[in-house]
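Trainee: Could you walk me through reading strand pairing, burial and charge in a model like this one?
Mentor: Sure, let's have it on screen.

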Amino acid sequence: MFGRRRPSQCIFEVKRLMGRSFLDPKVSQLKYMWPFELVAAPSGGVLIRVPGAPDKELFEPEEISAQLLKEMKRIAENFLGGVTIKHAVITVPAYFNDSQREATKKAGTLAGLEVLRLMNEPTAAAVAYGHQRLIGGACAGKKIMVFDLGGGTFDVSIIAVKEGTKADCDFEVRAVEGESHLGGADFDNALINLVEAEYERQTKQIILQDLQAREMLREAVIAAKHSLSFEDDADIELKIRGVEFSMSIERAKFESLNEERFQKCIAVVEKALRGAGMRSSDISEVILAGGSTRIPKLKELLTRFFDGRRPLQTVQPDEVVAYGAAVQAGLLAPGLRNDDRPAITVTEITSLSIGVNCSLDVMSVIIPKGSRVPANGSTSFFCGRDFQSSMLFKLYEGERALCRHNRYFGEFLQEGFIPSQANGKTVTKVELEVNCDGIVCATAEATANHVDVGSKVGFRGVLRKDGALAAAVPNEPQEDWEATDKALRAAYESRKDLKLLAWKIRENLFRKMSEAQKAKVNEVLKWLDSEDHLAAQSAYDAKLADLTRLKNEIRTPRWRGASKN
């Protein structure tokens, strides 16, 4: 009812704003669906305006989330008879990126909690079922899939259950896929658009112009959606500004409105199986989590996909993730360990590849997707240009070859290199680490040609002020962009080989070369330095073949190969 009276002060779906840039295409698309106002933060993030709030009107999404966590903390403390709660495990969608995880942890801190762990929601659901022995007494050897569809996010995790030394269940995540903007709210919006169009047709009034009316419509649509999970049809009745309106929605119509979204869910399931190297027949059980899994069509599609085997929904889908988080909290909470509790271990993986921007926007992957968490990796870099005194490392998450198609989340600068001609020798080592919460830390250590060899600079994920967190999502079918990216990576490797060879010739052979030969090498280097995008691999290969012949001519003069008479 509060949402009807004061819609601009009723904030919901805040998870969709956590750790996102104001320029994120998803934020731009959805902000017109919400009754509350969004504004750009000085940092490039999102602020929510709450008119009439005491002290201030603009809030970060983390601050709104912290208020919810504080209320949950208060309820739990009352339930426990006044015991003060200081620690918590907070669950997040498996496909949450670094910035979203940082924002979630910040919300926990603002709520006065020490966050013991950020736990992926599908894994928490699996732990709940394992703890209650609902995936069978002999869990070891089973491979389960968690289908987690909530109000705003969708995750699929493939999890292998192994037998540990003392563990009742050892959960090892094998693959993670998902969509951070797919959930019950999207099903609601499709239905809202339908009812809104019919309302305007019948009444000749535009409901969008009245925030209170729109919230009344949203409430009615959500109630109808819930009814359609158990009934074949549902009625929507509204009285707005004295005008009465009613219409009936059939389940079949709701399903047709969201057919594309349902199929997208199944496509994510297929992608997760491919990532795990499994077939549908390899999955022992399918676990449902999230309120949106009550939709009959989704259960029907999953049953069909898994050859008639129905998914498990023994635990309430709204509670199963919280239950698993409670189990994990019990294992991690200080001072509560005892031998009577079941031993459960969880091994997570990175949901996205993580790397840095090389030259020409090419991403150098340092920690591949699917690496076991905590994960770490390193790679060495050389100066890419002559007389370079600093190196800027931009960090990205994603699977595309070019950084602009991945999600930028931060950068750091390393200065102090001694200006000299580039020669392809490594001068710094970049190390990335993903901790147990899925948060990225980075360091660069100077290894050569530096005023302070051994010195380090670092980075820990924060929202950038330039708004570049707006991720570019590939529109092409997967097979198309994978073929394109394969060609781009091959071209980049050929370019690197060409540049290294040109530098090597310049450093070692220039004293033996004619001016014309030197000019040829310098022309190649000048061309490479002038590029603003990758050329075709064949262009680099052709120049590489020319320089290789030139190098061989210098090293093996013609007279040495002549026969003696």
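Trainee: How many bridges join β6 to strand β7, and in which sense do they run?
Mentor: Strands of a sheet pair through backbone hydrogen bonds, either parallel or antiparallel. Here 7 bridges join β6 to β7 (residues 154–162), and the two run antiparallel. Two strands count as paired if DSSP finds at least two bridges between them; strands (E, at least two residues) and helices (H or I, at least four) are DSSP runs, numbered from the N terminus. β6 and β7 make a hairpin with 4 residues between them, and L149 has F154 in β7 as its bridge partner.

Trainee: Before we go on, what kind of model is it?
Mentor: This is a predicted model, where local features need pLDDT of at least 70 and side-chain atom pairs count only at pLDDT 80 or more, while totals for chains, interfaces and linings use all residues. Residues are numbered from 1 along each chain as its sequence is written, and side-chain values use heavy atoms, with hydrogens and water left out.

Trainee: Which strand pairs with β6 in the parallel sense?
Mentor: That's β11 (residues 285–289), over 5 bridges. D148 has A289 in β11 as its bridge partner.

Trainee: Is β6 largely enclosed or open?
Mentor: Of its 7 residues (143–149), 6 are buried, so β6 is largely enclosed by the rest of the structure. Buried means under 20% relative accessible area, exposed over 50%, and partly exposed in between, with a 1.4 Å probe and protein chains only.

Trainee: What about the sheet β1-β2-β3: which strands stand at its edges?
Mentor: The 3 strands form an open sheet in that order, with antiparallel pairing. β1 (37–40) and β3 (58–59) are the edge strands, each with a single partner, so one side of each has no neighbour in the sheet. β2 (residues 46–49) pairs with β3 over 2 bridges, and R49 stands opposite L58 in β3.

Trainee: Now charge: how many salt bridges are there?
Mentor: Side chains of opposite charge can pair when their charged atoms come close. A search of the whole structure finds 35 salt bridges, each a side-chain nitrogen of Lys or Arg within 4 Å of a carboxyl oxygen of Asp or Glu. One of them joins D318 and R294, with the closest N and O atoms 2.7 Å apart. That pair links distant parts of the chain: D318 is in the loop between α10 (296–305) and α11 (320–332), and R294 is in the loop between β11 and α10, 24 residues apart.
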